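Dear colleague,

I am passing a structure on to you, and I would be glad if you could read my notes beside it. Please take your time over each point and look for the residues yourself as you go.

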Amino acid sequence: MSPITLIKCTINGVELEVKQGKTIIEAMSENAQRIAHYCWHPGLSIAGVCRLCMVEIEGNPRVQIACNTVITEGMKINNTSAKVRDAVKWGLDFHLINHPLDCPVCDQAGECGLQDQYMEYGKYDPEMAERKQRKRKVVDLGPTIVLDSERCILCSRCVRFTSEITKTHELGIFSRGDHSEIGTHDGKPLDNKYSLNTVDICPVGALTSKDFRFKQRVWYLKDADTICNGCSTGCNTKVYFNKEGVFRVKPRVNMEVNGHWMCDEGRDTYKFVNKEVRLLKGQKFANGTWQAEMHAGAAVKDAHLALSQASGDSIAVVLTGQHTVEEYEAIVSTFNDKFKTKNVFHWVNNKESFESFDGLLLRGDKNPNTKGLLDVLAKHGISSQWKNLEEGLKSGKITHLVVFGPENLPVFPDLQQNLNIFATAKNLIYFTSAAIPQLKNHASSNQITLIPLKTYVEKDGTFVNFQGKAQSFKRATTIVSEALTGVEAAQLLAGSEIRIKQVTEKQLFTSAHERKDQVQLEHRKKNEFVFNRGRL
Amino acid sequence: MAVVTKNNDNAWYLPGIFTGLVITMKHLLKNLFNKKQMITLNYPEEKHEYSPRFKGNHILTVKKDGAIRCTACMLCATNCPADCIKITASEHPDAQVEKFPIAYEIDMLRCVFCGFCEEACPVDAIRLGPEWQTPGLNGANFIYDINQLAYRPALKGGIQSVLDDQDRHKAGI
């Protein structure tokens, strides 16, 4: 392979060295230079239809599109001149000829490409006297997406997505001229596992997600970076939340893991995080009845008392691949060292489809951290078999069973079956973030303690994905403040107090704590934070 | 900032008291012999008439067919400095309307009647009306819902919005 040749060019007066073969827009976006664009997307092919990424190249009398012009040696590029701004202004005005004025009812308002660019380049005084072309509104494209043809600016990003990324070819542009619109063929709805990516890449409000539609205005939502816990791929995601809970999940770019995309299943992972489906309080089942709800901390304290009186062989722990490496480490070492038990079992869900992969992102292993769990178990020299647990419970050898249950219940088809097995233990201590109504119908002389756990958006931690790549993430928000993280639960079970990590003021305000896209004072002065809202 | 100290050691209080009494007596005599110009009213039998542009209780306007004009864009709620507007949006069966509020609540006790909601509204859906006497028995009476905001008896079936989407579409906008 020939070495990568770097060529020199000047963009807006800044001298840059870029790889040969790069287009102007790639070089600009990599070097944090702003350029207006709709149809260009780094993950898709070049279409060159929106005519908005105009640049002036020295020696060339006319403005060119940056997305389809490859940089040559010594090229001098400028996109801030009056000529370019004028071209963009008129391009934008042509986009808006048939665009309806329905920002008040549009879900994209607040993160819309048209709004952003209009603030920057708008004409503010349209000269178009013709009547607007009316098209179809609220078109049902499939199970996940609604189309509004009027709002569409025909950038063809979504069409290219279905033909290049998912290769399902559902979408196309139909009719000609100002009658052209996005659509699907009869009897072939937009129904694939990645369909909601088209909503993300839509620069306007033409494609909206049925799930998120009209739930919240986007300016009420904050976002935070996290890792998807839907499967072992470990896509980098952003969760959008406010004080009422989490409302949607969007992908974040990480070329090593998920590229620009994520699957529709992963976007549902916010649903088991919200309060309605969570276990909010600790509760105990003893003497044949469910007793009054109690504080999670009190429930763990009781569990600690029971466990500390038991012998090591009679204690067993069940872990799923849904927790973080830090939690596994704390839990396994607590039970190993404090309670002297090697009975740590790995609850494997859908064993059959574990290795399956759909070729893009979706993996059969629906746990984000199976690899992390196996690593921790191997480190502590634990190799317990699941059948030992069942035998131990049957023979009465295991009396105290501590289970760290899954967050994402739908991917655990064997939940009911395993709950029945767990409930045969004399003393079942079940840590879970999800409310488990199945256990509530339980009736026996055994004792059950339910203790709320935190979900993945509520704690710091690390997931190890299928490649063995460890990805750390930070807490996004808190939904059930009483719930415990696995680390806290392990500390309380061991009988110690919860240790809060001491952070001094100096550590708090370091550059490591700042987000890359954090809005700084200079951004505010230039009104740039408006420009970058919701950009993918 | 500075501390102001008044040297009142040698002040005479009696002249001040008498000046006050004179003013009181002047008003008493004026009102006794000239009752018509008296400023105070026998509320609630007599009521003061404010200008029709007075910013009092909110009105949600309606369309020609009597349906609510609001599109649930939440700009009023976003703009509200007292955070007293709560809207729940939903999908309308008519694709041309698309979005409408299934719940619209204003907490009148929190409201400061600044009129920002009226200014923010892109479709003339909310106005501040001239009503201002709205007694209630408890706090719950002051949380106005859609029925009260748009169709209360004083509005006589609803105030029509000046901005109509169908007119707008006919004009080609």
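In helix H13 of chain A, the buried residues are Gly486(A), Val487(A), Glu488(A), Ala489(A), Ala490(A), Gln491(A), Leu492(A) and Leu493(A). Since this is a predicted model, please read what follows as a description of a prediction. Because 8 of the 8 residues of H13(A) are buried, this helix is largely enclosed by the rest of the structure. What do its buried residues pack against? Their partners in chain A are two kinds of element, namely helices H7 (296–309) and H8 (325–338), and strands E18 (400–404), E19 (427–432) and E20 (447–452). Just after H13(A) comes Gly495(A), which takes a positive phi of about 95 degrees.

A second place to look is the pair formed by helix H2 (residues 82–95) and helix H3 (residues 113–121) of chain A, which pack at an angle of about 140 degrees with their axes 10 Å apart. Angles from 65 to 115 degrees count as roughly perpendicular and those over 145 as roughly antiparallel, and H2(A) and H3(A) are therefore oblique to each other. Their crossing is left-handed. To this contact H2(A) brings Arg85(A), Val88(A), Lys89(A), Leu92(A) and His95(A), while H3(A) brings Leu114(A), Gln117(A), Tyr118(A) and Tyr121(A); by class, these residues are 5 nonpolar, 2 polar and 2 charged.

On a wider view, chain A is assigned domain 1 (6–95) and domain 2 (279–500), whose C-alpha centres lie 53 Å apart. Finally, the contact between the chains takes 11 residues from chain A and 15 residues from chain B, and the side belonging to chain A has 6 nonpolar, no polar and 5 charged residues.

With best wishes

Conventions: Residues numbered from 1 in each chain as written. Chains lettered and ligands numbered in written order. Predicted model: local features only at pLDDT ≥ 70, side-chain atom pairs only at ≥ 80, totals over all residues. Contact = placed C-beta atoms within 7 Å. Nonpolar A, V, L, I, M, F, W, Y, C, P; charged D, E, K, R; others polar. Domains from an automatic or database assignment. Buried ≥ 20, exposed ≤ 12 C-beta atoms within 10 Å, placed from the backbone. Helix = DSSP H or I, 4+ residues; strand = E, 2+ residues; numbered from the N terminus. Axes fitted to C-alpha atoms, helices over the stretch in contact; angles between N-to-C directions. Parallel < 35°, antiparallel > 145°, perpendicular 65-115°, else oblique. Left-handed = near helix turned anticlockwise from the far one by under 90°.
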